[in-house]
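Reader: I have the sequence and coordinates open, and I would love to walk through the packing and the pockets with you. Shall we begin?

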Amino acid sequence: MHKKIIFGAALFIYSSITVVAQKVVRYDLYVRDTMVNFTGKQKRAIAVNGQIPMPTLDFTQGDTAEIYVHNEMDEETSLHWHGLMLPNKEDGVPWLTQQPIPAHGTHLYRFPIIQYGTHWYHSHTGLQEQIGMYGSMILHKKAADQLRAVDKIPELPVILSEWTDYNPDNVERMLHNATDWFALRKNAVQSYGEAIKAKHFKTKITNEWKRMLAMDVSDVFYDKILMNGLSTQQLTQVKPGEEIRLRISNGGASSYFWLRYAGGKISVVAHDGNDIEPVEVDRLIIAVSETYDIVLRVPADSSYEFMATTEDRTNSASMFIGAGPLKHLDPLPRLDYFEGMKMMNGMMKMNGDLDDMGMSMSLNKMDMNNVMYRELKEKGKPRIKTLNYAMMKAPEETTLPEGPVKELHFELTGNMNRYVWSLDNKVVSETDKILIKKGENVRMVIYNGSMMRHPMHLHGHDFRLLNGQGAHAPLMNVVDIMPMETDTLEFHANAEGDWYFHCHILYHMMSGMGRVFTYQNQAPNPLLPDPAKARRKLYADDRMFHFMAENDFATNGNDGMLMVQNTRWSIGTEWRLGYNDMHGYETETHVGRYIGKMQWLMPFIGFDWRYRRMEMDEVEKNLFGQTSTKDQRAQLTVGVQYTLPMLVKAQAELFMDGNFRIQFMREDIPLTKRLRGSFMWNTDTEWMAGMRYIIGRFWSAGAHYDSDMGFGVGVVVNY
């Protein structure tokens, strides 16, 4: 049988499928840049016939997959086969299992299909996954093994995703620079004005006293949510009384989705490609990169809405199942952010550690966000049954074979203020590979000590999640771990090579939240002839520097800054430039390294230059009685910056002439949704107070008073 299907793609894809007698199934994927329009703007994407996602790849257990990836872009790429157990060199992680597919190059992935289930595939290069380089991958059971009733009903692959009109490189940069622009877009800013209105002023004060930024449920604002590349669609072939099996993959870069159905209960029959005993629920949340198989029944002659809503409830996509009048779901109500902030305040200690208050949490059974779910507080409504991991039971025993046990303990750590995500406060580039031996059983005990949930994914292996089901613990390759949860998983080490274990929120992974498992005594990987170079390239992601800049074009001068930062280092320059010699000119440069889990402390070295001419020969003293050099200074400095409660940055600095300065500063005080305040005071008797009103992503209107330059108004431009 020979089929030819032509796709135009974003990375463009032409696919020809050839199935021969030897059960080799071949796909040719031609990958090119294209432009798509989801929101009225033409943007670069990866698409099929102008739409996302890439084509579904179908195989049957026992096939051999041959997938030729023809990279016709001007940049490198790769493809990872999520959830598949395959030879290590086929796993598709650049600089770990292969070199990237070069621009205008071709690479063959060839591996046996030894399992069944719902899986998906995506780029593991940079942030390409965010702009559409993903697709469903369905591995069917052999006909003789289709023994369950759900194996025989009609099915449809469904891949969920998000779309942002922003360049994903800029999304990543903005996250590392602590922008609140996404919160503005989501109407989720938690300012002092809104706190007072909601009678949560004390909650807001406590939040900032504990040095926390306003909470958020997800990192990024998305312009569109997509279900098989569409925001809304209708499936009319399912008749009243009939059922359909949806094979759902969450191909989103950072969004969790609530799944609900207007036609009644949702029967969950598989997770991460592995069968489970059917569980009926009212709703479930699907973590980034998870897959679920669900069965839906059409109860009457209508078209019932199946909806995927982002966890922050800002956007959704829908599929209407059945023919006839549309039956809609009620939208999920807006989250009560201040109730969540109050809960978070109780969980956070002053040193940044979490306090579980004596509760033992695991398996998603206690959703710490439920205080924000308004629908759970409505009286008179029936109880909503939500899926959790403890409900999942494998139909067959999943116990591991006998063997020695290697137990590992990890804490998921993070710093939301600087957007650094890690395990045990170390990113991938700061750790060695974890050595495991073939034949041993690896047990991981993972505690989430951060304020966000993390979907942790293990390449090339399924693991058992110990969930109280004994010998029938479910098999999975992604475990979603909520804040303060402790989960235990175990797998049998039966492969070879290097395997990535990481958070599947794309921007968390890129910041370094992962580890590499490596098998002892493995042969060198022929696809990586220079291991030292490969290691440097692999570590480059979490060592990347991110740029930010700002300048206030005001009537009394220019105040601005430029900074590049990565996981640990910060290099920044700030300036205050008057329009005359009496106002003066000054610039300060600091090179520092952040220390500690919360990164509140930063020792630095620097250089301070300034010039000001006064009309009178006036000698000023600082508060320590030292002669001030702020009129004419060119000094090397050494100092330390520390974040105090209320997010005030305290800075102590020693100049090479012996002068000493202490300074306190706070920027971006959220007074209202768009109004931000700031202040600065130091022992050189300099001070500043100002406000700015956010008008757009790149600019604001500002006004401030400076002790040297006086009052000014202007336009603040930021990037």
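Reader: Which residues of H5 are buried?

Author: Happy to start there, with the reminder that this is a predicted model. Helix H5 spans residues 337–347, and eight of its eleven residues are buried, so the helix is largely enclosed by the rest of the structure. The buried residues are Tyr 337, Phe 338, Gly 340, Met 341, Met 343, Met 344, Asn 345 and Met 347.

Reader: Which helices do the buried residues of H5 pack against?

Author: Among the buried residues of H5 are Phe 338, Met 341 and Asn 345. Leaving out residues up to four places away in sequence, Thr 203 touches Phe 338, Met 341, Lys 342 and Asn 345, and Thr 203 lies in helix H4. The full answer names two partners for the buried residues of H5: helix H3 (192–197) and helix H4 (201–209).

Reader: Is Thr 203 buried or exposed?

Author: The cut-off for buried is under 20% relative accessible area. Thr 203 has 9% relative accessibility, so this residue of the model counts as buried.

Reader: Let's move to Ser 161. Which side chain does the side chain of Ser 161 join in a polar contact?

Author: Ser 161 lies in strand S12, residues 155–163, and its 2% relative accessibility is why it counts as buried. Beyond four places in sequence, Ser 161 touches Tyr 134, Lys 224, Ile 225, Leu 226, Gly 251, Gly 252 and Phe 257. The polar contact between side chains, at 2.5 Å, is with Tyr 134.

Reader: How far apart are the C-alpha atoms of Ser 161 and Gly 273?

Author: Along the chain, Ser 161 and Gly 273 are 112 residues apart. In space, their C-alpha atoms are separated by 19 Å.

Reader: And Thr 413: which backbone nitrogen does the side chain of Thr 413 reach?

Author: Thr 413 has its place in strand S24, residues 405–415, and counts as buried at 2% relative accessibility. Its side chain makes a polar contact of 2.6 Å with the side chain of Ser 422. At 2.8 Å, the side chain of Thr 413 also reaches the backbone nitrogen of Asn 425.

Reader: How far apart in space are Thr 413 and Met 513, C-alpha to C-alpha?

Author: Met 513 is among the residues that Thr 413 touches, and so are Val 420, Trp 421, Ser 450 and Lys 597, not counting residues up to four places away in sequence. In sequence, Thr 413 and Met 513 are 100 residues apart. From C-alpha to C-alpha the distance is 8.4 Å.

Reader: Which are the edge strands of the open sheet of six strands?

Author: The order of this open sheet is S25-S24-S27-S32-S29-S30, with mixed pairing. Within it, strands S27 (residues 441–448) and S32 (residues 486–492) run antiparallel and are joined by seven bridges, and Asn 441 stands opposite His 492 in S32. An edge strand pairs on one side only, and here the two are S25 (420–423) and S30 (475–476).

Reader: What about S31: which residues are buried on each side of S31?

Author: In a regular strand the side chains alternate between the two faces of the sheet. Strand S31 (residues 478–481) pairs with strand S28 (residues 454–458) in the antiparallel sense over four bridges, and His 457 has Val 478 as its bridge partner. Both faces of S31 are covered: the buried residues are Val 478 and Asp 480 on one side, and Val 479 and Ile 481 on the other.

Reader: Now the pockets, my favourite part! Which element gives the largest share of the lining of the largest pocket?

Author: The largest pocket holds about 760 Å³ of space. Of the 35 residues that line it, the closest to its centre are Thr 125, Gly 126, Leu 127, Asp 169 and Met 510. Strand S5 (42–45) and helices H1 (168–176), H6 (506–510) and H7 (531–543) each give two or more residues to the lining. The largest share, five residues, comes from H7.

Reader: How many charged residues are in the lining of the largest pocket?

Author: By class, that lining has 16 nonpolar and eight polar residues. The charged residues number eleven.

Reader: Finally, which residues are the closest to the centre of the second largest pocket?

Author: The second largest pocket has about 490 Å³ of space. Its lining has seven nonpolar, two polar and eight charged residues. Of the 17 lining residues, the closest to the centre are Arg 260, Leu 329, Asp 330, Lys 381 and Ile 384.

Notes:
Residues are numbered from 1 along each chain as its sequence is written. This is a predicted model: local features need pLDDT of at least 70, side-chain atom pairs count only at pLDDT 80 or more; totals for chains, interfaces and linings use all residues. Side-chain values use heavy atoms; hydrogens and water are left out. On a 1 Å grid over the protein atoms alone, a cavity is a set of points where a 1.4 Å probe fits but cannot get out, and a pocket is an open set with protein on both sides within 12 Å along at least five of seven lines; lining residues have an atom within 4 Å of a point. Grid points are joined across faces, edges and corners, and a volume is the space filled by probe spheres set on the points. Ala, Val, Leu, Ile, Met, Phe, Trp, Tyr, Cys and Pro count as nonpolar, Asp, Glu, Lys and Arg as charged, and the others, Gly among them, as polar. Buried means under 20% relative accessible area, exposed over 50%, partly exposed in between (1.4 Å probe, protein chains only). Contact means heavy atoms within 4.5 Å. A polar contact is a pair of N or O atoms within 3.5 Å; within protein, one must be able to donate a hydrogen and the other to accept it, and residues adjacent in sequence count only if both atoms are side-chain atoms. Two strands pair if DSSP finds at least two bridges between them.
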